[in-house]
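Colleague: Please take me on a close look at one helix and the bend in the chain just after it. I'm new to this, so start with what counts as a helix, then show me how this part compares with other spots in the model.

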Amino acid sequence: MENNRNFFITIALSVLILSLWQYFYVLPHSEAQREAARIEEQRLAEQKKAAEAASPGGSETPVPQQGAIPNAPNAPNAPGTDGTTLASREQALASTKRVRIDTPSLEGSINLAGARLDDLKLKHYRLTVDKNSPEIELLNPAALPTGYYAEIGFIGSDKTGTVPGPETVWTVDGNATLTPATPVTLSFTNDKGLTFKRTFSVDGDYMFTVSDTVQNSGSAAVTLSNYGRVTRFDKPAVASIYVLHEGLIGVTGTEGLQEHTYSSIEEDKQFTPSKSTDGWLGITDKYWAVTLVPTEKQQFQPRYAYFEDGRPRYQADFLTDPITVDAGQSATVESEIFAGAKEVAKVNAYAEDRNIRLFDRLIDWGWFIWITKPMFYLIDTMYKFFGNFGLAILATTVVVKAAFYPLANKSYASMANMKKVQPKMLEIREKYADDKMKQQQAMMELYKTEKINPLAGCWPVALQIPVFFALYKVLYITIEMRHAPFFGWIQDLAAPDPTSIFNLFGLIPIALPDMLMIGVWPLIMGLTMFLQMRMNPTPPDPTQAMIFTWMPVVFTFMMAGFPAGLVIYWAWNNLLSIIQQGVIMKRQGAKIELWDNLVALFRKKPSPAE
């Protein structure tokens with residue numbers, strides 16, 4: 001039948017799309033995603049053991065050439081600068097003098113060697129759904145294998161003398177604890193009469209402000225440049241997939257948004273866009289980021305690089321044009337450092353309140369931002385009302401179904417009309433069985449007379465595809481969905497259903513491969529899909545009938561590795577579609593085939609002898 005043929009074409013295309021998605025995106029990474037927390041915890045444990053030796057030659061910090069950002073492969077003045085990394089994070093922190101950081105969202109310290117931000121934990125986020133699991137460690141001292149830090153400094157010349165850089169040991173003036181209410185001021189005076197005053201301030205979330213004042217007490221003018229860099233020595237424990245960017249990122253100059261994955265920058269070594277007077281740059285993970293924001297509207301040169309000298313490392317940095325400070329005068333430069341979780345509301349607020357260009361692109365909304373971003377806001381609005389992201393997804397599904405109701409109504413109505421004219425269609429096929437051309441002409445005339453669209457049955461399935469991928473993107477990239485519980489065993493909507501029918505949903509204590517992790521919600525999704533397909537007559541063609549029967553089973557296995565929130569959406573959407581289709585078919589006077597199909601499926605078939 002023509003409507004069944006079109007329906008199965010749509011189903012086949014959907015299966016092809018989902019199969020490719022499963023093969024290229026989900027399967028290569030599902031096991032890594034499931035074990036991400038375990039790997040991160042293992043990484044923390046490894047920090048407490050002896051780390052592998054760093055490359056030789058890291059005992060000294062090379063003297064930079066004029067106008068070049070200094071190279072500091074290891075932490076200055078720390079035990080790890082003899083060419084080895086330290087055994088633990090605690091040892092690295094204890095090896096240098098520090099200023100404590102304590103805010104509602106962050107805790108850590110500033111290393112007085114280099115005035116470097118290299119110790120930062122996120123108070124509100126933990127490695128696993130267990131509330132007693134360790135806090136997320138965002139920044140770590142450079143002497144560790146997982147070294148990751150942000151640093152602001154200066155490039156000088158012979159006339160300036162020694163200027164603040166990686167090895168500079170600053171002195172604390174007064175308060176030694178950085179909080180939103182108490183800034184911290186550091187000072188350094190060199191042998192040429194230059195005094196540097198650096199003030200760190202922080203808000204209640206994730207934005208640091210670094211204000212440097214240079215006082216020239218000498219007898220001649222001096223020229224120097226300000227630099228900032230975010231440097232990282234390791235890569236994320238779990239590799240990203242194509243749906244998400246992780247690595248170096250920034251928005252500067254005429255190029256706008258720049259994204260460089262770890263692998264691409266390893267190959268290219270360095271990328272230097274045009275100079276800029278605004279923007280930001282840094283390094284982003286799936287849920288966290290560290291970025292620099294030059295705020296003086298002074299021209300600067302951004303750069304994204306991978307260095308292999310000393311210890312291999314990834315770096316996003318900027319270098320301002322030279323600044324002249326006359327004798328007896330002072331100059332102030334300011335930069336901001338974002339270091340924290342990529343919470344949508346807070347990232348958007350920073351973009352708007354601080355006028356940071358396209359800072360919202362720190363969250364990877366993708367090419368279809370016009371779908372994914374509204375989808376997030378819809379779910380987030382529902383969450384604020386229901387207080388549960390699982391319920392928010394169910395409510396969002398209802399809203400989406402309501403938005404597409406007119407089109408779906410026409411589609412289902414056309415499908416119902418197709419059922420009513422099936423006898424006429426069979427007559428045409430029998431009458432013109434040997435003349436396909438006349439058969440098609442007669443069919444088209446029938447469609448025109450009865451005012452039906454043979455492709456209408458494709459739309460209810462086809463419309464789900466863009467919504468499906470938009471929801472998948474939102475579930476995968478937004479930190480708001482991370483560790484968001486539903487009810488019962490679903491404690492993380494962004495992770496697959498952790499149960500499996502093959503170990504009796506946990507009653508049998510055996511480990512299963514990913515392909516056998518078929519949980520409760522994928523089974524519910526498969527059942528609702530089975531019922532939805534049984535709303536239509538079973539195709540007379542044996543091949544189509546087989547597809548009709550096995551399609552829900554195939555989808556059940558395919559969807560099992562997707563985030564639980566997405567599977568819940570699909571199951572709920574199927575149930576709403578069954579109700580909607582049933583109501584419309586009843587109004588149109590078309591027979592609902594569900595009960596007859598179920599009876600026929602389980603009815604004992606007569607044997608040939610009977």
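Modeller: Let's begin with the term itself. A helix here is a DSSP run of H or I with at least four residues, and helices are numbered from the N terminus. Keep in mind that you're looking at a predicted model.

With that in hand, find helix 5, which covers residues 344-353. Which of its residues are buried? They are Val344, Val347, Asn348, Tyr350 and Ala351. Now look straight down the axis of helix 5: those buried residues fall within an arc of 155 degrees, so they line one face of the helix. Turn to the face pointing away from that buried side, and you'll meet Ala345, Glu352 and Asp353, which are exposed.

What covers the buried residues of helix 5? The cover includes two strands, strand 10 (207-216) and strand 20 (330-341), along with helix 6 (369-386). Tyr350 deserves a second look too, as it belongs to a cluster in which ring pairs link Tyr206, Trp280, Phe338, Tyr350 and Phe359.

Now for the bend. Just after helix 5 comes Asn355, with a positive phi of about 55 degrees. Carry on into the loop between helix 5 and helix 6, and you'll find Leu358. Leu358 isn't a glycine either, yet its phi is positive, near 50 degrees. Is Leu358 buried or exposed? Neither label fits: its relative accessible area is 36%, so Leu358 counts as partly exposed.

You can see something similar elsewhere. Lys269 has a positive phi of about 70 degrees and is not a glycine. Lys269 lies in a loop as well, the one between helix 4 (262-268) and strand 14 (270-271). Its relative accessibility is 34%, so Lys269 is partly exposed.

For another helix with two sides, jump to helix 10, residues 436-450. Helix 10 has 15 residues and reaches 21 Å from its first C-alpha to its last, close to the 21 Å expected at 1.5 Å a residue. Its buried residues include Gln439, Ala442, Met443, Leu446 and Tyr447. These cover an arc of only 140 degrees around the axis, which puts them on the same side of helix 10. On the other side sit Met437, Gln441, Met444, Lys448 and Thr449, which are exposed. It's a nice helix to hold up beside helix 5.

Back to rings for a moment. The whole structure has 24 aromatic pairs. Take Tyr472 and Phe562: their ring centres are 5.5 Å apart and their planes meet at 70 degrees, so this pair is edge-to-face. Tyr472 sits in helix 12 (residues 464-477), while Phe562 is in the loop between helix 14 (542-559) and helix 15 (564-588), so you'd have to walk 90 residues along the chain to get from one to the other. Tyr472 has a relative accessible area of 2%, so it is buried, and Phe562 counts as buried at 1%. Phe486 and Phe487 give you another arrangement: with centres 5.0 Å apart and planes at 55 degrees, their pair is tilted. Phe486 is buried at 11%, whereas Phe487 is partly exposed at 46%.

Rings can have charged partners too. The charged end of Lys286 sits over the ring of Tyr476, 3.7 Å from its centre, and Arg116 lies over the face of Tyr149, 3.7 Å from that ring's centre.

Finally, zoom out. The chain has 16 helices and 20 strands, and 54% of its 610 residues are buried. Of the contacts between residues at least 6 apart in sequence, 68% join residues at least 24 apart. So when you rotate the view, come back to helix 5 and check its two faces again: Tyr350 on the buried one, Glu352 on the exposed one.

Note on methods. Residues are numbered from 1 along each chain as its sequence is written. This is a predicted model: local features need pLDDT of at least 70, side-chain atom pairs count only at pLDDT 80 or more; totals for chains, interfaces and linings use all residues. Side-chain values use heavy atoms; hydrogens and water are left out. The expected span of a helix is 1.5 Å times one less than its number of residues. Buried means under 20% relative accessible area, exposed over 50%, partly exposed in between (1.4 Å probe, protein chains only). The arc is that of the directions from the helix axis to the C-beta atoms. Contact means heavy atoms within 4.5 Å. Rings of Phe, Tyr and Trp (its six-membered ring) pair if their centres lie within 6.5 Å; planes under 30 degrees apart count as stacked, over 60 as edge-to-face and the rest as tilted. A charge sits over a ring if NZ of Lys or CZ of Arg is within 6 Å of the ring centre and within 35 degrees of the ring normal.
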